[in-house]
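Please work through the exercises below with the sequence and the model side by side. Each task is followed by a solution that goes step by step.

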Amino acid sequence: MSVLAAVMFAGSVNFAQAVPDLATLERRVEDAQAAYSRAQTTADAQELREIEDDLAYLRVKARRGESVSSGDRRQLNERIDRFMTRLSAASSTAARRAPRGSSRTGRELPAGSEGDVRLLTPLDSDTAQAEDRVEASTMVDLYQGDELLVPAGSVLEGYVSSVDRASRTDRQGSLTIMFTKLNVNGRPAEVRAYVTQVLESEGIKGEAGRIGAGAGVGAIIGGILGGVKGAIAGILIGGGGVIAATEGKDVKLPAGTVLRVRFDTPVSLAY
């Protein structure tokens, strides 16, 4: 089955008759991420991001023992349906317009791309200082067709742009990371990227089965990796990538923490 046919098939399935459980919704979001990464379109990146955020919210509620209502689940399910339908239509239009043999992105990651990276620098809002250096490494090979653009292990560099310690009066610790450089094969590319999720990883063992497969250029470049369970409970992401702890704690991100980052501007890979 072609990529376009697979996307159209996924978009045509109607799950609205029954309210899916959380595990089914998780699989549907994974399917949407994979379909988006394969599709010949950069439309609806924001919509997919919001779907992921909605799923993360329901996961956190379930982990805290709170009730996840059928209405919440139905609303997310219907939103996925609408997204897949629009994705199918956009993919059809892009396929008709693209000249045969053409490349839709060139050596460039489009603005809005997201990917999973592993934090190399431990961070703690109780001890961190503004402008502290931060490094993270990409977790999956990134291809365009058969061409490897960004190997797994490429290093993102950035800094702590703000930090707020937990205290008696302001009990919520927080910090913000801004990534400004992506080093690929020893050559730096200027970027502007921030954190959209802090994820719970299954570790190298859980990732090993898929890490060699890589991912295609798309709005989600690392979300199809696997080995990631979901958002970590007790961590909230605010506007501009602010990472905040709940329950009167400081933000503690040990080395190895998985971060999903969003590239705000196109990343030119001219090498």
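The exercises go from the whole chain to a strand, a core and a set of salt bridges.

This is a predicted model, in which local features need pLDDT of at least 70 and side-chain atom pairs count only at pLDDT 80 or more, while totals for chains, interfaces and linings use all residues. Residues are numbered from 1 along each chain as its sequence is written, and side-chain values use heavy atoms, with hydrogens and water left out.

**Exercise 1. The whole chain**

Task: State how many helices and strands the protein chain has, and what percentage of its residues count as buried.

Solution: Begin with the secondary structure, where helices (H or I, at least four residues) and strands (E, at least two) are DSSP runs numbered from the N terminus; the protein chain has five helices and 16 strands. Next, take burial, where buried means under 20% relative accessible area, exposed over 50% and partly exposed in between, with a 1.4 Å probe and protein chains only; of the 271 residues, 46% count as buried. Finally, turn to contacts, meaning heavy atoms within 4.5 Å: among those between residues at least 6 apart in sequence, 74% join residues at least 24 apart.

**Exercise 2. Strand β15**

Task: Determine which residues of β15 point one way and which the other way, and which residue of β15 is the bridge partner of Val-117.

Solution: In a regular strand the side chains alternate between the two faces of the sheet. In β15, Val-258, Arg-260 and Arg-262 point one way, whereas Leu-259, Val-261 and Phe-263 point the other way, and all are buried. Because six of the six residues of β15 are buried, the strand is largely enclosed by the rest of the structure. For the pairing, which requires that DSSP finds at least two bridges between two strands, β2 and β15 run antiparallel and are joined by five bridges; within this pairing, the partner of Val-117 is Leu-259.

**Exercise 3. The largest nonpolar core**

Task: Find which residues have the most contacts inside the largest nonpolar core, and which residues Val-195 is in contact with beyond its neighbours within four places in sequence.

Solution: A nonpolar core is a set of buried Ala, Val, Leu, Ile, Met, Phe, Trp, Tyr and Cys residues joined through side-chain atoms within 4.5 Å. The largest one has 31 residues, and those with the most contacts inside it are Ile-177, Phe-179, Ile-243 and Leu-259. Strands that each supply at least two residues of this core include β2 (114-119), β8 (174-184), β9 (187-201), β13 (242-245) and β15 (258-263). Apart from it lies another core, of 16 residues, among them Leu-25, Leu-48, Leu-76 and Met-84.

Now look at Val-195, which lies in strand β9 and counts as buried because its relative accessibility is 0%. Leaving aside neighbours within four places in sequence, Val-195 is in contact with Ile-177, Phe-179, Ile-237, Gly-241, Ile-243, Leu-259, Arg-260 and Val-261. Val-195 and Ile-243 are 48 residues apart in sequence, yet their C-alpha atoms are 7.8 Å apart in space. Thr-196, also found in strand β9, is buried with a relative accessible area of 6%, and its contacts beyond four places in sequence include Arg-49, Glu-114 and Arg-262.

**Exercise 4. Salt bridges between α3 and α4**

Task: Identify which residues are joined into one network by salt bridges that share partners.

Solution: A salt bridge is a side-chain nitrogen of Lys or Arg within 4 Å of a carboxyl oxygen of Asp or Glu, and the structure holds 14 of them. Take Glu-47 to begin with, which forms a salt bridge with Arg-79, the closest N and O atoms being 2.8 Å apart. Glu-47 lies in helix α3 and Arg-79 in helix α4 (residues 70-97), so the pair ties together parts that are 32 residues apart in sequence.

Glu-47 also meets Arg-86 in a salt bridge at 3.7 Å, N to O. Arg-86 lies in helix α4, so this pair ties together parts that are 39 residues apart in sequence. As for exposure, Glu-47 counts as buried at 15% relative accessibility, whereas Arg-86 counts as partly exposed at 36%.

Then move to Arg-79, which forms a further salt bridge with Glu-50, with 2.4 Å between the closest N and O atoms. Since Arg-79 lies in helix α4 and Glu-50 in helix α3, the pair ties together parts that are 29 residues apart in sequence. Arg-79 is buried, with a relative accessible area of 17%, and Glu-50 is partly exposed at 29%. Through shared partners, the salt bridges join Glu-47, Glu-50, Asp-54, Arg-79 and Arg-86 into one network.
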